[in-house]
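Colleague: I would like to go through the labels on this model one by one. Please give me the reasoning behind each.

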Amino acid sequence: MNSSFTLLVRIVLGLILIIFGSNKLLHFIPIQPPVGPAAHFMSSLNATGYIFPLLGLLEIFIGLMLLFKKWVPFVLTLLVPISINILLFHLFLDIPGVVMALLIVTLNTMLVYKNWRQYKTLFV
């Protein structure tokens with residue numbers, strides 16, 4: 001991947017995370033509530049009172065670090081379990097949102113691949 005494409009991927013992923021992370025705190029994007037088991041799962045998480053605000057702050061932090069190109073390998077490591085959980089939630093409980101989940105996982109995977117040199121020592 002050339003550096004201008006990587007820059008574009010990093011900026012797009014950063015903006016997605018900032019927008020959706022901010023939405024978890026400010027609720028400015030109307031989102032169709034899930035139904036069935038997904039609704040029960042989301043209401044349980046919401047009832048804790050801390051999961052969504054914490055997740056929103058973490059997504060905003062990761063998005064800002066990606067936009068400003070600071071600690072990129074570290075924040076991508078933080079994003080891996082979040083993006084996998086987003087994908088699994090949509091695959092098993094709320095299939096209509098799977099496209100955005102696949103986009104986030106794909107962009108994250110591309111950036112991890114680009115920064116693989118920094119991760120090699122973790123697997124020796």
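Colleague: What makes Leu-58 partly exposed?
Modeller: This is a predicted model, and the value is computed from it. Leu-58 has a relative accessible area of 30%. Buried needs under 20%, and exposed needs over 50%. The value for Leu-58 lies in between, so Leu-58 is partly exposed.

Colleague: Where does Leu-58 lie, and what does Leu-58 touch?
Modeller: Leu-58 lies in helix α3. Leaving aside residues up to four places away in sequence, Leu-58 touches Leu-78 and Ile-82. Ser-43 is 15 residues from Leu-58 along the chain, and their C-alpha atoms are separated by 20 Å.

Colleague: Why is Phe-20 called partly exposed?
Modeller: The relative accessible area of Phe-20 is 30%. That is between the 20% and 50% limits, so the label is partly exposed. Phe-20 sits in helix α1. Its contacts, not counting residues up to four places away in sequence, are Glu-59 and Met-100. Gly-56 is 36 residues away along the chain, yet the C-alpha atoms of Phe-20 and Gly-56 are separated by 7.4 Å.

Colleague: Now the rings. How many aromatic pairs does a search of the whole structure find?
Modeller: Five.

Colleague: What makes the pair of Trp-71 and Phe-74 edge-to-face?
Modeller: Two values decide. The ring centres of Trp-71 and Phe-74 are 6.3 Å apart, and a pair needs centres within 6.5 Å. The planes stand at 80°, and edge-to-face needs over 60, so the pair is edge-to-face.

Colleague: And why is the pair of Trp-116 and Phe-123 called stacked?
Modeller: Trp-116 and Phe-123 are 5.4 Å apart, centre to centre. The angle between their planes is 15°. Stacked needs planes under 30 degrees apart, so the label holds for this pair.

Colleague: Which of these four rings belong to exposed residues, and which to partly exposed ones?
Modeller: Trp-71 has 56% relative accessible area, over the 50% limit, so Trp-71 is exposed. Phe-123, at 59%, is exposed because that value is also over 50%. Phe-74, at 46%, counts as partly exposed. Trp-116, at 36%, is partly exposed.

Colleague: Which residues do ring pairs link into a cluster?
Modeller: Phe-61, Trp-71 and Phe-74.

Colleague: What is notable about the phi of Trp-71?
Modeller: The phi of Trp-71 is near 55°, a positive value in a residue other than glycine. Most residues other than glycine have a negative phi. Trp-71 is placed in the loop between α3 and α4. His-27 also has a phi near 55°. His-27 is in the loop between α1 and α2. With 61% relative accessible area, over 50%, His-27 is exposed.

Colleague: On to the nonpolar core. Which members touch the most others?
Modeller: The largest nonpolar core has 17 residues. Leu-13, Leu-17, Ile-62, Leu-66, Leu-76 and Leu-79 touch the most other members. Helices α1, α3, α4 and α5 each supply at least two residues of this core. The most come from α4, with five residues. Leu-17 touches Ile-62, Leu-66 and Leu-79, among others, when residues up to four places away in sequence are not counted.

Colleague: How do you know that α1 and α5 are oblique to each other?
Modeller: The axes of α1 and α5 cross at roughly 135°. That is not over 145, as roughly antiparallel requires, and it is outside 65 to 115, the roughly perpendicular range; therefore α1 and α5 are oblique. The axes come within 10 Å. α1 passes α5 in a left-handed crossing. Residues of α1 that meet α5 include Phe-5, Val-9 and Phe-20.

Colleague: Then why is α4 called roughly antiparallel to α5?
Modeller: The axes of α4 and α5 cross at roughly 155° and come within 9 Å. An angle over 145 counts as roughly antiparallel, so α4 earns that label against α5. The crossing of α4 and α5 is left-handed. Among the α4 residues that meet α5 are Leu-76, Ile-86 and His-90. On the α5 side, the residues include Val-98, Ile-104 and Asn-108.

Definitions and conventions: Residues numbered from 1 in each chain as written. Predicted model: local features only at pLDDT ≥ 70, side-chain atom pairs only at ≥ 80, totals over all residues. Heavy atoms only, no water. Phe/Tyr/Trp six-rings, centres within 6.5 Å; stacked < 30°, edge-to-face > 60°. Buried < 20%, exposed > 50% of the residue type's maximum accessible area, 1.4 Å probe, protein only. Core = buried A, V, L, I, M, F, W, Y, C linked by side-chain atoms within 4.5 Å. Helix = DSSP H or I, 4+ residues; strand = E, 2+ residues; numbered from the N terminus. Contact = heavy atoms within 4.5 Å. Axes fitted to C-alpha atoms, helices over the stretch in contact; angles between N-to-C directions. Parallel < 35°, antiparallel > 145°, perpendicular 65-115°, else oblique. Left-handed = near helix turned anticlockwise from the far one by under 90°.
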